[in-house]
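Biologist: I should like to go through the charged groups of this model with you. May we take the surface and the salt bridges in turn?

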Amino acid sequence: MDRSDKTRRQIVRAAVKKDGNRSSRVAAQLMKLSDAVIRKLELGVELTDTIKRARAIPSQQARRRAERELAGELRHVNIADVQDRIAKVLETGSVETKHLHLAEQWRAKLIEGGIAAAADFPGGPDDELGRHIERARAERDTGKPPGAGRALFRHIAAILKAAMAAEATEGDANDDDESDDADGDAESDDADGDDESDDDDDETAAK
């Protein structure tokens, strides 16, 4: 057997093994994700049904077999796309969790310190926030009005979400400006190059 043929076969076997290992890792990850995350992946009806059937098996031994079968199915799809979808959904979920934790921290701070504690709150204190705080503090002390603490939380969460969206939009705008500046510099360089070329042509003609 020619050595080059043997090398090619080894490369092919290594690639197949690598793809198989990758599919197995993704299958194991899909088996552990929550139903809510699986729905957000939007992997298509057929693949989603396969995942659901595998995850629904209670027996550990049968579940491992189903996981291997799922890995086999994943070899027929764009596994990189599946991995990207998982990463994006998990990243979004992480951001949402941090956002809710921050809203809870602000609620506790505002109920404890009152409107004076809102000096550093995004957008600063306003009348509506003040009313929510007063009602939440009254609920803490007297139990009335019911649901005031939850209403304050929703109000805080909405403001924080809007602030985060504004920051993201501003960041995108800055990126666009930097890109435009770079394009402008490139055009300026091209123009300078053209001017120098014209000067050279003029000197040549003068000679």
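Modeller: Helices here are DSSP runs of H or I with at least four residues, numbered from the N terminus. Please bear in mind that this is a predicted model.

Biologist: Which helices each supply at least two residues of the negative patch?

Modeller: The negative surface patch is formed by Glu46, Asp49, Glu69 and Glu73. Residues 45-55 make up helix 3, and residues 60-74 make up helix 4. Each of them supplies at least two residues of the patch, hence the answer is helix 3 and helix 4.

Biologist: Is glutamate 73 buried, partly exposed or exposed?

Modeller: Glutamate 73 has its place in helix 4 and belongs to the negative patch. Its relative accessible area is 37%. Buried requires under 20% and exposed over 50%, so glutamate 73 is classed as partly exposed.

Biologist: Which backbone atom lies 2.6 Å from a polar atom of the side chain of threonine 48?

Modeller: Threonine 48 is found in helix 3. With a relative accessible area of 13%, threonine 48 is buried. The atom that lies 2.6 Å from a polar atom of its side chain is the backbone oxygen of glycine 44.

Biologist: How many residues apart in sequence are the parts that aspartate 35 and arginine 55 tie together?

Modeller: Aspartate 35 and arginine 55 form a salt bridge, with 2.7 Å between the closest N and O atoms. Aspartate 35 lies in helix 2, residues 35-41, whereas arginine 55 lies in helix 3, so the parts tied together by the pair are apart in sequence by 20 residues.

Biologist: Which partner of that salt bridge is buried?

Modeller: Aspartate 35, at 47% relative accessibility, counts as partly exposed. The other partner has a relative accessible area of 17%. Buried means under 20%, so the buried partner is arginine 55.

Biologist: What separates aspartate 81 and arginine 85 along helix 5?

Modeller: These two residues form a salt bridge, the closest N and O atoms being 2.8 Å apart. Aspartate 81 is partly exposed at 30% relative accessibility, and arginine 85 is partly exposed at 29%. Because they are four residues apart in helix 5 (residues 79-113), the separation is about one helical turn.

Biologist: Which residues are linked with Arg140 in a network of salt bridges?

Modeller: Arginine 140 forms a salt bridge with aspartate 141, the closest N and O atoms being 3.0 Å apart. Arginine 140 is partly exposed at 44%, while aspartate 141 counts as exposed at 55%. The residues linked with Arg140 in the network are Glu112 and Asp141.

Conventions. Residues numbered from 1 in each chain as written. Predicted model: local features only at pLDDT ≥ 70, side-chain atom pairs only at ≥ 80, totals over all residues. Heavy atoms only, no water. Patch = residues over 30% accessible without salt bridge, like charges linked within 9 Å, V, L, I, M, F, W, Y side chains within 5 Å. Areas by Shrake-Rupley, 256 points an atom, 1.4 Å probe, with all protein chains shown as cover. Salt bridge = Lys/Arg side-chain N within 4 Å of Asp/Glu carboxyl O. Lys, Arg positive; Asp, Glu negative; His and termini not counted. Charge placed at Lys NZ, Arg CZ, Asp CG, Glu CD. Buried < 20%, exposed > 50% of the residue type's maximum accessible area, 1.4 Å probe, protein only. Polar contact = N/O pair within 3.5 Å; in protein donor to acceptor, adjacent residues only side chain to side chain.
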